[in-house]
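Colleague: I would like to go through the labels on this model and hear the reasoning behind each.

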Amino acid sequence: MWDYSETVKEHFYNPRNAGAVAEANAVGDVGSISCGDALRLSLKVNPDTDIIEDAGFQTFGCGSAIASSSALTEIIKGKTVDEALKVTNQDIAEYLGGLPPEKMHCSVMGREALQAAIANYRGEEWKDDHEEGALICKCFAVDEKLIEDTIRTNNLRTLQEVTNYTKAGGGCAACHEGIEEVLARVLAERGETYDPDAAPMLAPEPEPLPLAAQAPGKLTNFQRMRRIEQVIESIRPTLRRDGGDVEVVEVDGNTVYVNMTGACSGCQMASMTVSGIQQRLMEDLGEFIRVVPAGQMAQAAPAHAAGGH
């Protein structure tokens with residue numbers, strides 16, 4: 001399980017400002033239900049003062065998405081739109097007493113929704129459309145500009161950090177090379193060299209985070225395998241209702257190879273189903289997990305074999 005602060009839990013169980021704002025004159029939509037996270041932020045802005053008098057949210061996502069959305073509405077109420085635009089995803093995370101690194105993308109989504117809503121209020125077009133060739137992660141529809149901006153804003157240095165903050169790279173992994181190219185380019189701008197083996201080095205946080213939960217005891221290999229099997233078993237009834245199924249073929253480090261069968265085999269939605277399974281596993285195990293179709297084991301095998309000599 002993730003280490004959630006008491007503030008995150010409080011905003012998850014008792015979200016503030018949930019629902020659409022009556023007589024809203026600013027609405028921002030970001031994300032996509034097909035990608036697992038979506039957020040609509042609605043604002044009531046006084047046109048004479050530009051002060052945000054009310055804010056509400058509707059979200060489809062995890063507990064961190066709900067807590068981040070709730071926090072965002074509390075932060076921006078009473079601010080002018082110019083003041084609100086200065087709110088960063090780090091401000092949202094700090095307000096919540098911190099978010100697990102793997103959930104920082106929820107705070108980024110909140111910042112984007114705010115930018116979209118204010119653009120809507122000003123009658124501007126919020127440009128979140130992908131330029132031709134700029135879409136890096138097709139699984140979660142994350143474009144190059146968002147990755148660049150998030151790396152700069154949050155001082156990211158590793159592929160895993162980019163995935164934690166944007167979800168890019170959290171699906172089929174085909175975009176990892178593209179993400180690393182963006183990382184190398186942005187780090188070079190500030191005179192640094194991208195090191196694919198570097199340990200995550202997150203931006204320093206303003207204050208020690210009052211994370212309430214203690215680090216969970218490390219699972220043994222057997223316990224970890226059992227936990228993975230239990231999560232998969234809990235998902236299978238849903239897939240079977242649609243004529244599909246999934247089975248674990250192999251677990252190699254943080255990579256779980258699965259077979260999608262029945263209607264799930266060759267389905268156009270298969271990549272999203274795999275992403276959903278991956279999300280469930282990460283939520284349950286509290287660690288970074290990749291779920292990969294078993295067919296890719298054949299590609300990985302020669303690499304392992306070569307590494308053994």
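Modeller: This is a predicted model. At 37% relative accessibility, Arg152 is called partly exposed.

Colleague: Why does Arg152 count as partly exposed?

Modeller: Because partly exposed covers what lies between under 20% and over 50%, and Arg152 has 37%. Glu189, with a relative accessible area of 48%, is partly exposed as well.

Colleague: What makes Glu189 and Arg152 a salt bridge?

Modeller: The closest N and O atoms of Glu189 and Arg152 are 2.9 Å apart, and the cut-off is within 4 Å, so the pair qualifies. Glu189 lies in helix α8 and Arg152 in helix α6, so the salt bridge ties together parts that are 37 residues apart in sequence.

Colleague: Why is Glu23 called exposed?

Modeller: Its relative accessible area is 65%, and exposed means over 50%. Glu23 forms a salt bridge with Lys44, with the closest N and O atoms 3.6 Å apart.

Colleague: How do you know that Cys137 is in no disulfide?

Modeller: By the rule, the count of disulfides is zero. For Cys137, the nearest cysteine sulfur, that of Cys175, is 4.1 Å away, whereas a disulfide needs the sulfur atoms within 2.5 Å. Cys137 is also buried, at 1% relative accessibility, because buried means under 20%.

Colleague: Why are α1 and α2 described as roughly perpendicular?

Modeller: They pack at an angle of about 90°, with their axes 8 Å apart. Angles of 65 to 115 degrees count as roughly perpendicular, therefore the label applies to α1 and α2.

Note on methods
Residues numbered from 1 in each chain as written. Predicted model: local features only at pLDDT ≥ 70, side-chain atom pairs only at ≥ 80, totals over all residues. Heavy atoms only, no water. Buried < 20%, exposed > 50% of the residue type's maximum accessible area, 1.4 Å probe, protein only. Axes fitted to C-alpha atoms, helices over the stretch in contact; angles between N-to-C directions. Helix = DSSP H or I, 4+ residues; strand = E, 2+ residues; numbered from the N terminus. Parallel < 35°, antiparallel > 145°, perpendicular 65-115°, else oblique. Salt bridge = Lys/Arg side-chain N within 4 Å of Asp/Glu carboxyl O.
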